[in-house]
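Open the model in your viewer and keep the sequence panel beside it. This tour goes stop by stop, with something to select at each one.

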Amino acid sequence: MKPNTALGFVLSGLALNLLHSSRKLKLRVAQALGVAIALLGLLTLSQHLFGWNLGIDQLLFSDKVGAIHTSSPGRMSPVSALNFSLIGSALWLAARSNMHYRKVQVLALVTSLTSLQVLIGYIYGVKPLFGLSSFTHTAIHTAISFFLLSLGTLFASPTDGLMSLVISHSAGGMTARVLLPAAIAIPFILGWLWVFGEKVGLFDLAFGLSLHVIGNVVVFTGLVWYCAKSLSRLDIKRQQAEAALRTAYAELELRVEQRTAELSQANQVLEGEIAERLRTEAALQQSFRELADMKFALDQSSIVAITDARGIITEVNNKFCELSGYSRAELIGQTHRIINSSYHPKTFFRQMWLTISQGDVWQGEIKNKAKDGTYYWVATTIVPFLDDRSKPYQYIAIRSDITNRKQAEEALRESEERFRRAILDAPLPIILHAEDGEILQINRAWTEITGYCPQEIPTIADWAEKAYGTRQEQMQDAIARSYQLTERTAQGEYSITTSTGENRIWDFYTAPLGYLPDGRSLVISTAFDVTQRKQAESQLLRHAFYDGLTDLPNRALFMEQLKHSLQKAKRHQDYLFAVLFLDLDRFKIINDSLGHLKGDQFLIYIARILEACIRATDMAARLGGDEFTILLEEIQDVADAIKVAERIQQELRSPLNLDGQEVFTSASIGIALSSTLNYEQPEQLLRDADTAMYQAKALGKSRYALFHPEMYATALTRLQLEANLRRAIENQEFQLYYQPIISLTNCRIIGFEALMRWQHPERGLVNPVDFIPLAEETGLIVELGYWALTEACRQMQAWLQAYPHHSLEKMSVNLSAKQFCQPNLICQIRNILQSTNLNPRNLVLEITESVIIKNGDEAVAILSKLRALGIEILIDDFGTGYSSLGRLYSFPISMLKIDRSFVNPMTTNKRNLDIIEIIVALANKLGMSAIAEGVETQEQLAILRNLHCESVQGYFFSQPLDSSNASALIAANPQWC
């Protein structure tokens, strides 16, 4: 056995042992060992096949390696390599969490077959099935080891996959356990006999083949007979068990039937005795039940009280107690005065006693008072019980509660009264009229609104004559049809004439109320006075399409008219129109300074000017705020639209008088012609006119601009850039580059300026000039600025810790105008310094002159707070703005940065050189330091050193570098002079 083969068996045995562990670590080790075993086999097999020398043969045995046709003592045989590939793959699959049992067992089975064919070659003394082993032989103990290893892998999980059948207790499992060993052993033995017989000359090839075939047939026929006999015996046992079970069930059912019959007979005797007793008890209780039912029915339906001849209560039922609220103990011994409500007069009760004392039955309705003070009505029947002398000795009063009926009758009377008053006092005009036209009731609202009293309109015909005039016959026909209605119906809106001659609009509804006693149909007609609503709808329609302030058409009406013009242009090729979009240039100043009332008055004047500058066929509209649009219909060419724009600008040059206050204004006008593009929607024309207007504003305001397609493309590009910029912030596509700042004292790096770069995924590195202005305009510069400040401070702290002995002192970061104006600026910077652990003395903030001048005293306060933190302030691009030298000394500034526009031409332009000299001298006088940017030549460096400029930066020293290259530059610690 080769050393590499032995190593494979060691690893395989270890992996097979680890497979039975439940710990994840051991399973992962087993999985790794499986991969290693498979790689060992695959690499060795590739050397055999392709003649490679991968060096694995020399791991444990040094020998010269040959190709497939060369025997190598240090290399395992191809069959061994193939077996290790198969068994390694099987062990790797077996160690996975989602074990593939069938795949593992199939690989192990293939391994066992390849090993078996080698064993057959040795045992039979013939060439193995796979000829590869004839070149690099597989030892018999190696084949036996592979066969045993494959069997171990097969039974790694015998309850799953293909092996589950072999170990099962089913008939199939039994058959498999008998046939499988025979299928291996019998052909193996018969084949050996065949080969051995030929070798020793016992028989020839034909006899050996016949022996092999007949032997296999006889043995396997015997095995099949044995298995069939075993299965037959099992089936006979199963049938015997089933027969025994059926016999037991039959005996049990017979015993149950016998016991059931005995119990049934006993039960019949018992039932007879019980039935006789029940009949006796039923006859005895029948009389009690009838009496109890009568009493129960009486108690449930009536209120019962029994009194003696004097009227003293001797018995009451529960219903009496429930209704009166008194208990039985409180009622017995009392007279009915306890529930007297004082509603009835004394004569009522005298007449009642007179009747019952004569032995007659009395019936009537009485209002009583309960214990809690509530009242209830009862229909009462008092029956006297007479003695032998025909004198009453007791009375039984049977009452029924009629409170609900009385309340319903009262509610009905009140409802009728309310209905009458509701009609009379309703705020809506209402009349009740009969089928022949008689008006039965007319309410106050009807008479008050129309001015006609009920005496003036006793019939519908009189009403139609007065209210409808010449239309009375038409209206009478409509009213006549209302008497056949079966439900409430809307009659429609009609104009009526009041007694004063005023016309009102009424919305009529008619509903049937049934029939009068004489058979006539009764209907109710209700009118809603919608005169004001109609006027309001007209006004709302006006408001929906016209501006409430200027009385010009609004956006909705303008867009509708623009839509019609666009449709007309599509129908007529020679039809041309133009849209003008106007924006007042100084309206916000006027509105803020003079107030909104004056601002509204100003807009009204502008509306009148626009109306005066266009034809009657054109339309001027106000879109909102200080934006106006004009639609010029049927123009000849663009010159007509330009004339209108120039006329408007000419009119706006004259001052407007707002209550004695002269106001000057101008307008930026965008013009879009219908022929510029193939427009499909009116919004597209308005969009392009708006785009042209913004172009006019960008060119200096108080002018007009004609739209052309390039404007739209530019706007789209800008919009796309803004979208990319926002996405870049989310995707963190920005990074900082660092340009070194060189001290002219020792010519070494004393700091860096952090410069932002955009690493676009498609465009690559984007120049700051292309996105910083847009970030300023959209406000995104604030978020970018804080990110840049945080990253620069973090990087500076990292450099200070990595290079403590270098001359690195300052990190310079630009602060935008919008960021400077943030109310939480100081708090944000303090938090950044704390989070990065950077000393404030190592930070320099660069701001432009315009930021300081624009914010004035507030800027001084902010800068003072920053200086109080220890941060140094640098004025960037000094000399290019409009700084007040008189106030410069009052600003807490540390450094002045000389703009590159002075540095670049200073070798050829003495004026620029003088300006630099003045700035350096000014910085020295004010106790500040000067730094020059844009240094690109040795000559510029020499001049700045002679002028005693303290520090410089520029491409002469280094272009801006990413953090890794900047770190390398710091580590190199170069010196430039």
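Among contacts in the protein chain between residues at least 6 apart in sequence, what percentage join residues at least 24 apart? The figure is 59%. Keep in mind that this is a predicted model.

**Stop 1: the whole chain**

Show the protein chain as a cartoon. It has 32 helices and 26 strands. Now switch on the surface. The accessible surface comes to about 53,500 Å². Carbon and sulfur atoms account for 56% of that area. Of the 977 residues in the chain, 41% count as buried.

**Stop 2: the largest nonpolar core**

Select Leu 845 and Val 952. These two have the most contacts inside the largest nonpolar core, which has 81 residues. Next, colour helix H24, residues 780-802. Helix H24 gives the most to this core, with 11 residues.

Stay with Val 952 and show what surrounds it. Which residues is Val 952 in contact with, leaving aside its neighbours within four places in sequence? One group to select is Pro 740, Ile 741, Ile 742 and Leu 744, which are among its contacts. Other contacts of Val 952 include Ile 931, Ala 932, Val 935, Leu 941, Leu 944 and Phe 957.

There is also a second, separate core, of 33 residues. To find it, select Leu 552, Leu 580, Val 644 and Ile 648, which are among its members.

**Stop 3: a nonpolar patch on the surface**

Go back to the surface view. Select Val 35, Leu 39, Leu 42, Leu 43, Leu 49, Phe 50, Trp 52, Leu 54 and Trp 92. Together they form a nonpolar patch with about 840 Å² of accessible area. Which helix gives the most to the patch? Helix H2, residues 24-50, does, with six residues.

Pick out Leu 39, which lies in helix H2. Leu 39 counts as partly exposed because its relative accessibility is 45%, between the 20% and 50% limits.

**Stop 4: salt bridges**

Side chains of opposite charge can pair when their charged atoms come close. How many salt bridges does the structure hold? There are 34. Visit three of them.

Start with Lys 406 and Glu 365. Their side chains meet in a salt bridge, 2.9 Å from N to O. The pair links distant parts of the chain, 41 residues apart. Lys 406 sits in helix H12 (residues 403-425), and Glu 365 in strand S3 (residues 362-369). Glu 365 is partly exposed, with a relative accessible area of 29%.

Move on to Arg 533 and Glu 493. The closest N and O atoms of this salt bridge are 2.8 Å apart. This pair also links distant parts of the chain: Arg 533 is in helix H16 (residues 531-545), Glu 493 is in strand S8 (residues 489-497), and they are 40 residues apart. Arg 533 is partly exposed at 40% relative accessibility. Glu 493 is partly exposed too, at 35%.

The third pair is Arg 504 and Asp 529, with the closest N and O atoms 3.0 Å apart. This one joins two strands, S9 (residues 503-515) and S10 (residues 521-529), and its partners are 25 residues apart. Is Arg 504 buried or partly exposed? Arg 504 has a relative accessible area of 17%, so it is buried, the cut-off being under 20%. Asp 529, at 27%, is partly exposed.

Now select Glu 365, Arg 405, Lys 406 and Glu 409. Salt bridges that share partners join these four into one network.

**Stop 5: two positive phi angles**

Select Asp 551, in the loop between H16 and helix H17 (555-571). Its phi is near 65°, a positive value in a residue other than glycine. Asp 551 is partly exposed, with a relative accessible area of 44%.

Then jump to Gln 732, in the loop between helix H22 (709-731) and strand S18 (734-743). Gln 732 is not a glycine, yet it has a positive phi of about 55°. Gln 732 is exposed, because its relative accessible area is 68%, and exposed means over 50%.

**Last stop: cysteines**

How many disulfides are counted? The count comes to zero. Two cysteines to select are Cys 453, partly exposed at 29% relative accessible area, and Cys 821, partly exposed at 41%.

Notes: Residues are numbered from 1 along each chain as its sequence is written. This is a predicted model: local features need pLDDT of at least 70, side-chain atom pairs count only at pLDDT 80 or more; totals for chains, interfaces and linings use all residues. Side-chain values use heavy atoms; hydrogens and water are left out. Patches are made of residues with over 30% relative accessible area and no salt bridge: like charges are joined within 9 Å, nonpolar side chains (Val, Leu, Ile, Met, Phe, Trp, Tyr) within 5 Å. Accessible areas come from the Shrake-Rupley method with a 1.4 Å probe; for residues, only the protein chains shown count as cover. Helices (H or I, at least four residues) and strands (E, at least two) are DSSP runs, numbered from the N terminus. Buried means under 20% relative accessible area, exposed over 50%, partly exposed in between (1.4 Å probe, protein chains only). A nonpolar core is a set of buried Ala, Val, Leu, Ile, Met, Phe, Trp, Tyr and Cys residues joined through side-chain atoms within 4.5 Å. Contact means heavy atoms within 4.5 Å. A disulfide is a pair of cysteine sulfur atoms within 2.5 Å.
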